[in-house]
Amino acid sequence: MSKIVQGHQARKRFGQNFLAEPYYINRIVDSIAPQPQDQMVEIGPGLGAITELLLDKVASLNVVELDRDLIPRLQTKFADANNFQIHHCDALKFDFASLVNSENKQKLRIVGNLPYNISTPLIFHLLQYKTHIQDMYFMLQREVVERICAEPSTKAYGRLSVMSQYHCETQMLFTVPPGAFQPAPKVNSAIVRLMPRSIQPLKPVKEQLLAKVVTESFNQRRKTIRNNLKHWLCETDFELLKIEPSARPETLTVEDYLTLTNLIENKL
Ligand code: SAH
């Protein structure tokens with residue numbers, strides 16, 4: 001059943017679950033700790049619940065919203081703000097580098113209570129712009145946040161964990177119950193912080209190849225790493241790297257995947 005929220009017909013296909021509990025809205029904004037000089041970007045501002053609190057705290061706030069019905073509402077609601085710009089666009093196609101101020105090149109701070117069906121592709125889209133990003137705060141389905149932040153040898157650890165943790169420091173901040181939204185989603189949600197690594201503490205690696213290796217490795221979770229990577233690596237390669245060839249993919253650390261990728265690159 002669709003639902004009317006503040007006179008707006010909430011659309012399922014746009015993943016519209018509007019935050020309605022001030023407690024959680026405040027908690028998100030407190031976690032971001034906006035500073036006066038910040039270049040903030042909000043993805044999917046909706047009816048402006050988070051937007052409103054951010055606007056009087058930062059130098060610049062760009063929002064990217066896909067639903068055309070929401071655009072005039074946002075324009076009217078924030079008509080007086082001179083630090084505010086709306087981009088009526090699909091965030092998956094948006095060029096986030098275009099928001100970087102050409103003079104001071106200040107990094108962007110990004111926030112979004114994202115539509116859950118596009119959250120993973122959107123995070124990968126944003127990671128292409130990671131050199132322009134200071135940090136990101138996303139409301140996601142709780143299971144997705146757990147996968148992003150998971151440690152090796154846990155059920156949640158997989159491709160999303162390795163790739164997110166290679167690019168970013170990740171942290172689950174807090175969970176949010178369905179009742180905090182209108183309409184209420186069927187799942188629990190959580191806020192995650194992603195901070196692109198400015199210094200890469202892990203070994204440098206060809207990122208495209210890493211993505212391939214990780215995908216192949218987790219393709220068959222129950223098989224050994226030797227089996228999943230057999231067209232790239234042989235037994236002696238594993239010995240050289242001191243990685244147990246009979247290990248399951250979920251027991252390898254992010255660093256192990258980088259080491260494997262670097263060796264594969266040398267062999268190609
Ligand atoms: N931030 C608001 C709204 C959350 S609902 C709040 O917390 O209340 C998710 C929002 O993302 C909606 O406004 C929806 O229209 C928007 N949205 C959905 N898909 C989008 C996309 N591909 N690009 C940009 N915005 C999108």
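**View 1. Cys234 and the cysteines of this predicted model.** Cys234 has a relative accessibility of 35%, so it counts as partly exposed, since that label covers values between the 20% limit for buried and the 50% limit for exposed. How many disulfides does the structure hold? The count is zero. Cys149, for instance, is in no disulfide. The nearest cysteine sulfur to Cys149 belongs to Cys168, and that one is 10 Å away. A disulfide calls for two cysteine sulfur atoms within 2.5 Å.

**View 2. A look into the largest pocket.** There's about 600 Å³ of space in here. The lining takes in 40 residues, and the ones closest to the pocket's centre are Gly44, Pro45, Gly46, Glu65 and Asn113. Several elements give two or more residues to the lining: strands E3 (18-19), E4 (39-43) and E5 (60-65), plus helices H1 (22-32), H2 (49-55) and H3 (70-77). Which of the elements gives the most to the lining? That's H2, with four residues. As for chemistry, the lining splits into 23 nonpolar, eleven polar and six charged residues.

**View 3. Strand E8 and the strands it pairs with, E7 and E11.** Is E8, residues 133-141, mostly covered or mostly uncovered? Mostly covered: seven of its nine residues are buried. E8 pairs with strand E7 (residues 108-113) in the parallel sense, over six bridges. To find your place in that pairing, look for Arg109, whose bridge partner in E8 is Asp135. Between the two strands, the chain leaves E7, passes through helix H4 (residues 119-127) and arrives at E8, making a right-handed β-α-β crossover. E8 also pairs with strand E11 (residues 189-196); that pairing is antiparallel, again with six bridges. Here Gln141 sits opposite Ser189 of E11.

**View 4. A cis peptide bond at Pro183.** Most peptide bonds are trans. The bond from Gln182 to Pro183 is cis, though, with omega near -15°. Where is Pro183? Follow the chain out of strand E10 (181-182), and you'll find Pro183 in the loop that leads on to E11.

**View 5. Two residues with positive phi, Lys105 and Ser153.** Most residues other than glycine have a negative phi. Lys105 isn't a glycine, yet its phi is positive, about 50°. Lys105 lies in the loop between strand E6 (84-88) and E7. Is Lys105 buried or exposed? Its relative accessibility is 57%, so Lys105 counts as exposed. Ser153 isn't a glycine either, and its phi is also positive, at about 65°. Look for Ser153 in the loop between helix H5 (142-149) and helix H6 (159-167). Ser153 counts as exposed because its relative accessibility is 54%.

**View 6. Ser246 in its loop, with Val192 for reference.** Ser246 is in the loop between helix H9 (235-241) and helix H10 (254-267). At 37% relative accessibility, Ser246 is over the 20% limit for buried but doesn't reach 50%, so it counts as partly exposed. How far apart are Ser246 and Val192 in sequence and in space? Along the sequence they're 54 residues apart, and from C-alpha to C-alpha the distance is 33 Å.

How values were computed: Residues are numbered from 1 along each chain as its sequence is written. This is a predicted model: local features need pLDDT of at least 70, side-chain atom pairs count only at pLDDT 80 or more; totals for chains, interfaces and linings use all residues. Side-chain values use heavy atoms; hydrogens and water are left out. On a 1 Å grid over the protein atoms alone, a cavity is a set of points where a 1.4 Å probe fits but cannot get out, and a pocket is an open set with protein on both sides within 12 Å along at least five of seven lines; lining residues have an atom within 4 Å of a point. Grid points are joined across faces, edges and corners, and a volume is the space filled by probe spheres set on the points. Ala, Val, Leu, Ile, Met, Phe, Trp, Tyr, Cys and Pro count as nonpolar, Asp, Glu, Lys and Arg as charged, and the others, Gly among them, as polar. Buried means under 20% relative accessible area, exposed over 50%, partly exposed in between (1.4 Å probe, protein chains only). Two strands pair if DSSP finds at least two bridges between them. A crossover is right-handed if, with the strands pointing away from the viewer, the path from the first strand over the helix to the second runs clockwise.
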